[in-house]
Amino acid sequence: MTPALQEFLLILLKVVIITQLLLGLFSFMTLAERRLLAFMQFRLGPNRTGPFGILQPIADGIKLFFKEELMPASASAWAFFAAPIVAVTAAFMAIATVPYGPPFRIPGTSISVTPQIADLDVGLLFIFAITSLGVYSVVLAGWSANSKFSLLGGLRSSAQMFSYELSLGMSFVGVIMLAGSFRISDIVASQAGWFWNWNISPSKQLLAGVVYFISAAAEVNRTPFDLPEGETELVAGYHTEYSSMKFALMQMAEYINMITVAVLTTNLFLGGWNPGLPFLPVGGLWGLGYFAAKTFFVLFVFIWMRGTLPRFRYDQLMNFGWKVLIPLAALNVLGTATLVAVFKW
Amino acid sequence: MAALEQLLRLVLSEAFLFYVFSGLAVASALGVVLQSNPVHSAFSLIVTFCSLSAIYGLLGAPFIAVLQIIVYAGAIMVLFLFVLMLLNVKREAPRAGRALAAAALLLGLLFAVQVGTTLSGPGLTPAAGYDASTQAFARQLFSPRFVYVFEATSILILAALVGAVVVAKKEP
Amino acid sequence: MTIPLEHALLLSTALFAIGVVGVFLRRNVITVFMCIELMLNAVNLAFVGFSRATGNLDGQILVFFVMTVAAAEAAVGLAIVIALRRQKDTLDLDAFSSLRW
Amino acid sequence: MSFENLVQNPVLVLPWIVLLLPLLGFVVLCLFGDGIKRDKEENGAGILATALVLVSFALSVVVFRGLQAVQPLDGLRFVQPYLGFEWIDVASFRISMSLLVDPLSALMTLVVTGVGGLIHVYSLGYMAHDEERVRYFSYLNLFTFFMLLLVLGGNLALMFVGWEGVGLCSYLLIGFWFKKKSASDAGNKAFIVNRIGDVGLILAMALAFQTFGTLDSFELVENAKNLAYEPIAQAGVVTAICLLLFLGACGKSAQVPLHVWLPDAMEGPTPVSALIHAATMVTAGVYLVARLAPLFRLSEGAMLAVAWVGGITALVAASIALVQTDIKRVLAYSTVSQLGYMFLACGIGAFGIGVFHVFTHAFFKALLFLGSGSVIHALSGQQDMRVMGGLRTRIPVTFWTFVVGTAAIAGIPWLAGYFSKDEILLNALVRERLPLFWLGLFTALLTAFYMSRLLFMTFFGSFRGDQEAEAHLHESPWSMLAPLVILAAACFYVGQLPVNAFLAPALRSPDELELASPWWFHQVVIGVAVAGILGAFLIYVVYSGLSSRIYSALRPLNRVLESKYGFDLVYDGFASGVVVEGSRRVLWQRVDIAAIDAAVDGVGRLVDGVARATRVLQTGLVRAYALVILGGTVALLGYLLWSPR
């Protein structure tokens, strides 16, 4: 086996593993979310299918799989089909450039593996670009169904994603300036050592972290920003007309996006696979462990938020995005630029 | 095994991907022009832009590639779609404009031939040692040669912003 | 196996010509506008190609500026489209001929 | 230009700050002037403007001291603070945004900001009752900025910006009370007369660039120095440049025959007369000549012209001053006369002395103007000396400072004017320019006489105004008196500074003569001054009836003097006769109507006809236009590609 072929196979393997892991995580998240929310509301949640309800996602999957595919008669067929595909594709492409841990050696071989599919020079920008493509699934879904609820939901949702993309992108800038690179592994490396070197610490990018987390929550339509799905007004927003597997794909894309956000938060602000305490062992599987712990924590916070916060009104949402988050993000960019340029932070 | 590797080499070579994406770009560009529903045209154009982005990547301009997606696909085209949805644009009514169309086609072809013959005349070979990393790009962009232009651009964008708001605002 | 510059330029020419023809074939303002964007992109491609061929970054920087200008132009252009629509309730380019008086 | 740089070498940055602070004041007052007026905070405006100029002064002191620490090059200490970019950069025509700080400009900066600051303070009191204080102070700040730009500008183009700027501010301030017809007329007059000089300056700049390939004042001077060592083919060109420059200087510095605007400029507020039309702006011409001294040295003819124009101006203006009755006009003619002295000094090669006189003159003339302002203030706006008198005891501080000023200008020993005027006359004598020497000496006599006349008519005798005016008499507020006292004190001091030696390297003075004066020289000069004062004392105080008898005895001469040698009449005749009539008869009726209008109409008719013929091409369809563009492009490309070479 030549090295080129070996490398190719390795990448293929990584793609397969990571995809499978994400799909598993997605189904697990649907369950975890329902159960945790239930606990927060003093209920039990789904606990009948298998021990602790662990088989519930599979049951859901089977149900969705066998449901009838419906399409509105006046819908634009190809766009109606394309929307979920675009959504899932964008979600998976975004997560393809994120690293999950430090490089490690497969035991018993000389093969070194980086737990990341592609380490791009412009990684962070790439993720930003792909996220911005995610809007199209919303637009397509909203427009193609030829239904007023879908269209209005799509308009609202795309406007929301548009608006929060700005503060999202600007919150990256401070981090990039501090690390001097778009490459995510460089950004993680810049947060090595004690946990106060993490970007979330007040001496570095706390403001950007907060702005990022809020904008990202809005970007993936999580509570309290889930108004495209405001049932009372818009039925189910842009995916009102979707059913069966297409609906499942839409849901999948949403969850994958949420996982991407959690992974990115970990990488950009929570020190990635750095433990934060220099005396702890690092490298290889340890790094993967720290990384997973932090990511799960972030995911938990998302669910927690959903259990705690009420939904924004549309005008509040826009005001908050344009008049609070964007100025804050701009302020952060200016401040960080000043510190970096003048005081060589 | 060797055959597989050969195939992989071919499929993953820059040139092959370039032709694939070129084909995609041209096909979707034709789609922009030939489809009568503007929304479909817009989506075709998005495909063109994404293919171009890939081509930029293959030509060794990763930053421009990403920028292409962010700016064109992610911002400009969303704006187009947004307006299309907002105005609820119907498909174009067919109408006879054959003389104009014929003249346009003829001139367009002539133009393509002209530019094509000019461009494919002298062959330029890709230069070696070409550093198009984001750092190099940034260093060049913020050098005194371009930095004033860059700053002027910000004023242009501000003006466009204000202009857009003024023009699109409903008359009071 | 590298990409010959001429092929990139030929692609650029093709896209530009398609854009040009599109401007004449379509009557919807927004589609015409999209064709113009296509032409801009074709030129960008030529710039990137030349940048690679000459081995300096000036071409890419020009692309950067073209993109900024394109963004500004799209914003203003679409605002004008909205204003036009408000005036005439149509987007047919041939309906806007009041320059001829 | 980074922070470290500023700490290491403040001289490279501070001049820009000195320059821009007054501009900041102007901008702030412009932008927020209405708000300031609405909130009734006009005093705040004045205080802001004053504070900025005073800070500017403090910084220029720092610059002045910093300059002493600069490593000299060729014996000259100088720096060229550069803002980091070119103003104009077209082919070989480069104008960089840089200043030139050398002893000459540093000294002038001190004068402009120092005397300017005092006059700002004075204005706080003088303008306290004016409605338009905000506008006034914004103009004053703008003037300070332009004057500093004129002084500090590193090349003729930047200096020209300042030059025009001070002209503009002068116009604005002369016409400050524009509701008064005479004030706005005076503003126009100043502006128009200055234009004549400016044409000279522009031509000089163009010629200088063509000859020397640069407008940078430092390089110009260096090039001129090099020219001196080789036989030049362009001696005539250099003379032309110098004469044109001098034409500009004449306009700005009110030299015969372009002096007519300055007396009229007294329509402006008195502090303005002090600042612009006595201490700073009008000396810009002298400054320009001194700045390019090496160039002037190359041209005998130009030097001769400068000297004689200066001398004649000094005499003419002094003689007119003898018969003026308006207190400010006397001072205005006196200023013209003193400016004549400065040019006389430059013209005989003593540039350093000329600038020295600029320096001392700034102090005592500002003092005199401010004093006259205080008098006018006391009399609630009265400027006619014939209804003054006896103010000595009523406004004592003004009186005593005025006495100091008069003594200084008359040339009484140990006061500012004595030193500089003395030096000018001495130079004329030693350099064997005897006609000029006698001219200067006679003018000195006249100067002492008319200034004393002013003093005695105003402050001695008994009050000749009406009851009401007498009841209103009051000493001015402290903000007006403080500058007077400071300037009076300065008159005792500034004359003794070694300005000439200090400036020598900047002026490239080649052979600074150690001037040995003949034994009789000082006695004669002092004697002349004393004689003038005594004469005035006798005529206007002791035998107060004598003046009218002399007046009627010398009636023809007086006519000439009172009509100011008829300059205004001649100019008026020229303007209304040649220009207006010529324009009406020839330019309007022949050229404009018959030729130009016909041509314009013809073009219009042509366009109309062509348009009628081609209007069918306009379809109003955007795509049709685009098609035409495309067709043009294809045709052009086709021509380029396939045309036979």
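Here is a quick tour of this complex, from its interfaces to a few helices and one arginine.

This is a predicted model, and the predictor gives the complex an ipTM of 0.68 and a pTM of 0.58. Chain D comes with a mean pLDDT of 85, and 96% of its residues reach 70 or more. Chains B and C are helical with zero strands apiece: seven helices in chain B and three in chain C.

**Where chain C meets chain B**

- Here 61 residues of chain C are in contact with 69 residues of chain B.
- On the chain C side, the elements that put in two or more residues are helix 1 (5-25), helix 2 (29-54) and helix 3 (58-88).
- Helix 3 of chain C gives the most to that side, with 21 residues.
- By residue type, the chain C side splits into 43 nonpolar, 12 polar and six charged.

**Where chain B meets chain A**

- At this interface, 17 residues of chain B are in contact with 21 residues of chain A.
- Helix 1 (2-12), helix 3 (38-58) and helix 4 (62-87) of chain B are the elements giving two or more residues to the chain B side.
- The top contributor on the chain B side is helix 4, with 11 residues.
- The chain B side breaks down into 13 nonpolar residues, three polar and one charged.

**Nonpolar cores**

- The largest nonpolar core has 206 residues, and the members that touch the most others are Phe363(D), Ala366(D) and Cys491(D).
- If you skip neighbours within four places in sequence, Cys491(D) is in contact with Phe363(D), Phe364(D), Leu367(D), Val404(D), Gly405(D), Ala408(D), Leu415(D) and Ala416(D).
- There's also a second, separate core of 181 residues, which includes Leu268(A), Tyr290(A) and Leu317(A) along with Ala42(C).
- As background, nonpolar side chains tend to be buried together in soluble globular proteins.

**Chain B and its helix 2**

- Reading from the N terminus, the elements of chain B go α-α-α-α-α-α-α.
- Of the 172 residues in chain B, 36% are buried.
- Among chain B contacts with a separation of 6 or more, 52% come from residues 24 or more positions apart.
- Helix 2 of chain B covers residues 14-34; at 1.5 Å a residue its 21 residues should span 30 Å, and the end C-alpha atoms are indeed 30 Å apart.
- Which residues of helix 2 of chain B are buried? They are Phe18(B), Phe21(B), Ser22(B), Ala25(B), Ser28(B), Ala29(B), Val32(B) and Val33(B).
- Looking down the axis of helix 2 of chain B, those buried residues fall within an arc of 145°, so they line one face of the helix.
- The cover over the buried residues of helix 2 of chain B includes helix 3 of chain B, plus helix 1 and helix 2 of chain C.

**Helix 15 of chain D**

- Helix 15 of chain D (residues 327-347) has 21 residues and reaches 30 Å from first C-alpha to last, close to the 30 Å expected at 1.5 Å a residue.
- Of those 21 residues in helix 15 of chain D, 20 are buried, so the helix is largely enclosed by the rest of the structure.
- After helix 15 of chain D comes Gly349(D), which has a positive phi near 95°.

**Chain C and Arg85(C)**

- Along the sequence, chain C follows the pattern α-α-α.
- Buried residues account for 59% of the 101 residues in chain C.
- For chain C contacts with a separation of 6 or more, residues 24 or more positions apart supply 48%.
- Arg85(C) sits in helix 3 of chain C, the helix that gives the most to the side touching chain B.
- Is Arg85(C) buried, exposed or partly exposed? With 18 other C-beta atoms within 10 Å, Arg85(C) falls short of the 20 needed to be buried but has over 12, so it counts as partly exposed.
- Leaving out residues up to four places away in sequence, Arg85(C) touches Leu87(B) and Leu91(C).
- Arg85(C) and Val29(C) are 56 residues apart along the chain, with their C-alpha atoms separated by 9.8 Å.

Definitions and conventions. Residues are numbered from 1 along each chain as its sequence is written. Chains are lettered from A and ligands numbered from 1 in the order in which they are written. This is a predicted model: local features need pLDDT of at least 70, side-chain atom pairs count only at pLDDT 80 or more; totals for chains, interfaces and linings use all residues. pLDDT is the predictor's confidence in each residue, from 0 to 100. Two residues are in contact if their C-beta atoms, placed from the backbone, lie within 7 Å. Helices (H or I, at least four residues) and strands (E, at least two) are DSSP runs, numbered from the N terminus. Ala, Val, Leu, Ile, Met, Phe, Trp, Tyr, Cys and Pro count as nonpolar, Asp, Glu, Lys and Arg as charged, and the others, Gly among them, as polar. A nonpolar core is a set of buried Ala, Val, Leu, Ile, Met, Phe, Trp, Tyr and Cys residues joined through C-beta atoms within 7 Å. The expected span of a helix is 1.5 Å times one less than its number of residues. The arc is that of the directions from the helix axis to the C-beta atoms.
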